Amino acid sequence: MTLSIREAFGRELARLGKKNKKIVAISCDLKDACKLSFFFEKFPKRSFEVGIAEANAVGIAAGLSMSGFRPFLASFASFITGKNIEIRTSISYNKCGVVIVGTHGGLIGPDGATQSSVQDIAVMRSLPYFEIIQPSSPRETKQIINYSSLSKKPIYLRIARNEVTEFLPKNYKFKIGLPSLIKRGKRNLVISSGPILSNCFMAVKKLGNNIGVLNLSSIKPINEKYIIRILKNYKNIITVEDHSIIGGLGSIIAEIIAKNNLNKNLKIHGIKDDFVDSDTPSSLEKFYKLDIKSLEKIFKKFFRI
Amino acid sequence: MLNKSALNYCKNIRKKIIFSIYYARSGHVGPSLSCVELIYSILKLGINYKKKNRNKFVLSKGHAAPTLYATLDEFNLLKKNELKTLRKVKSRLQGHPDKKKLNLVDTGTGALGQGLSISIGYSLGSKLLNSNNKIFCLLGDGEIQEGQIWESAMYIGAHNLKNIIVFIDGNKFQNERSIAETLPEKNLLKKWESFGFKTMRINGHSLIAIEKIIKSFLKSKNKKPILVYCDTIKGKGVSFMENNNKFHSVKDLSEENYRKAISELS
């Protein structure tokens, strides 16, 4: 099954909306691109088109949440997480149960730097009470949308537009706070999440059995005791992300390693402190060395295979 | 409902504002004193704190928190001596309203420009629940320089959200200087009208004028959302604070000024 993560999100939200009448959807003139349109078509009364006014949308979501609803506010990740002061005061300060869905996280293609979101995790991580989740496959997306619809917490969902072939097993279960070891290894570990995880998984498959792969879809919170237990089995750790190397997955793992005096070799692989260029998503993956082939090379070198 | 005792209530609220800011050794005294009659009337006539599903009050100009707290205290909704804890650790009375700490607050605010959007959320929520709740939103006249206010105004007008009433505390000053020196307003009421509001301009210290508007808003079937521009005086009630922007936000109100202010209000 190959499906884009945003499509899996849109379809699942529309499915859940039938049973859960608390779900409402808010769009900023991007409901088709964000796949909120499935929900809008099915539940027009619980759907609100705000126009190109993300700040207003954030406040409206906060007010709807304080009225007892569970708003899903979706826009491009770069646009919506750019509304920091609005999210901080209206949602975070009020501890509002709003789900902000940032689609088009990572390398999105020819639209280029302004529309690509490679700083959103760093920006959202510092906001109190927010959980941050990045689904890695269609199967996991469904479970995460279900979790988000039932939770009362503020949540930031980082959703990619990339198509991902399902690679997580049928019995896979998402649990908030718990990273999931999707492949065991010896000494060497790759940590990633989102669509790039599938690239990592494919690259590792070609390199044999001694590399483990950890899915860090629950970016905040992370059960630290749990992840330390996993990290203890590995010596060489590489984090891979379609996000700035400042404040993303790599930073999170570095913090855990430093705080707990774990003796590890850590490499942080992601977007350096810069904006990304325009091109097709696959060309961009190659350019930023996040495609399967480049990752294979990087893993080989770092793990000395 | 608003009679002579209402005047006394407002006097007491002003004393409590001065008292709590004196104890806190800091606070926005000028812009708190300008909206006493407005907040008193909104809470008295519009909000029934005993009801669970009720009308909402969004204090978008969150720096007038001392007025909100003093009014709640005047209605015996705070603990004894709680006003003395303003702006202190572990207090329910934080520098700007904190809904998490004080659940009587309908919305935590502080960074300006956001309360009107939240009012829309409450308005839509009320419609979805068929609850017919009304939403009161109080803005500062400096605050409306924020672009988000106009995003909200556009939405409210386009969807004709008639259960929202917006008051602007027109005290003519902002943080540093007067509005006129900073960013003069042009055709303000016409702007709101063009967005689809019914507009009015009143004396924001006239309890009778405010009462009339609130009662008709609560009763009648409004055809449009309402915007009320209220002419007010910054620092109202204390002669040396009136129209004196040094008292926008005070650090350490001197004992002399504190006594003078209280005696003027007594």
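In chain A, 33 residues of domain 1 touch 33 residues of domain 2. This is a predicted model, so please read every value here as computed from its atoms. According to a domain assignment, domain 1 of chain A covers residues 2-165 and domain 2 covers 180-303. Their centres, taken over C-alpha atoms, lie 25 Å apart. Between them, about 2,400 Å² of area is buried, and carbon and sulfur atoms give 57% of it.

Let us step into domain 2 of chain A, which spans 180-303. Look here for an open sheet of five strands in the order 9-11-10-13-14, with mixed pairing. At its edges stand strand 9 (180-183) and strand 14, each of which pairs on one side only. From one strand to the next, the twist averages 25°. If you follow strand 13 (234-244) and strand 14 (265-271) of chain A, you will find that they run parallel and are joined by six bridges. As a landmark for that pair, take Ile237(A), which stands opposite Leu266(A) in strand 14.

Two helices lie across this part of chain A. Helix 9 crosses strand 9, strand 10, strand 11 and strand 13, and runs at about 165° to strand 11. Helix 10 (residues 224-231) lies across strand 9, strand 10, strand 11 and strand 13 as well, at about 125° to strand 13.

Next, turn to helix 13 of chain A. With twelve residues (292-303) at 1.5 Å a residue, helix 13 should span 16 Å, and because its end C-alpha atoms are 16 Å apart, the expectation and the model agree. Which residues of helix 13 are buried? They are Ser294(A), Leu295(A), Glu296(A), Ile298(A), Phe299(A) and Phe303(A). A general point helps in reading such a list: an α-helix has 3.6 residues a turn, so residues three or four places apart point the same way. The buried residues of helix 13 pack against several elements of chain A, among them strand 10 (187-192), helix 9 (195-206), strand 11 (211-215) and helix 12 (281-287). Strand 13 and strand 14, which you have already met, are also packing partners of these residues. Just after helix 13 comes Arg304(A), with a positive phi near 55°.

Now move across to chain B. Here, too, you will find an open sheet of five strands, with the order 2-3-4-6-5 and parallel pairing. Strand 2 (56-59) and strand 5 (198-203) are at the edges; each has a single partner strand, so one side of each is left without a neighbour in the sheet. Neighbouring strands of this sheet are turned by 20° against each other on average, direction ignored. Strand 2 pairs with strand 3 (residues 135-140) of chain B in the parallel sense, over four bridges. Within this region, Val58(B) has Cys137(B) in strand 3 as its bridge partner.

Finally, find helix 5 (residues 115-128) of chain B, which lies across strand 2, strand 3 and strand 4 (164-170) and runs at about 175° to strand 3. One residue to pick out in helix 5 is Ser123(B). Is Ser123(B) buried or exposed? Its relative accessibility is 0%, so Ser123(B) counts as buried. Leaving aside residues up to four places away in sequence, Ser123(B) touches Ile135(B), Leu161(B), Asn163(B) and Ile164(B).

Terms used
Residues numbered from 1 in each chain as written. Chains lettered and ligands numbered in written order. Predicted model: local features only at pLDDT ≥ 70, side-chain atom pairs only at ≥ 80, totals over all residues. Heavy atoms only, no water. Expected span 1.5 Å × (residues − 1). Buried < 20%, exposed > 50% of the residue type's maximum accessible area, 1.4 Å probe, protein only. Contact = heavy atoms within 4.5 Å. Pairing = 2+ DSSP bridges. Axes fitted to C-alpha atoms, helices over the stretch in contact; angles between N-to-C directions. Buried area = accessible area lost by both parts, 1.4 Å probe.
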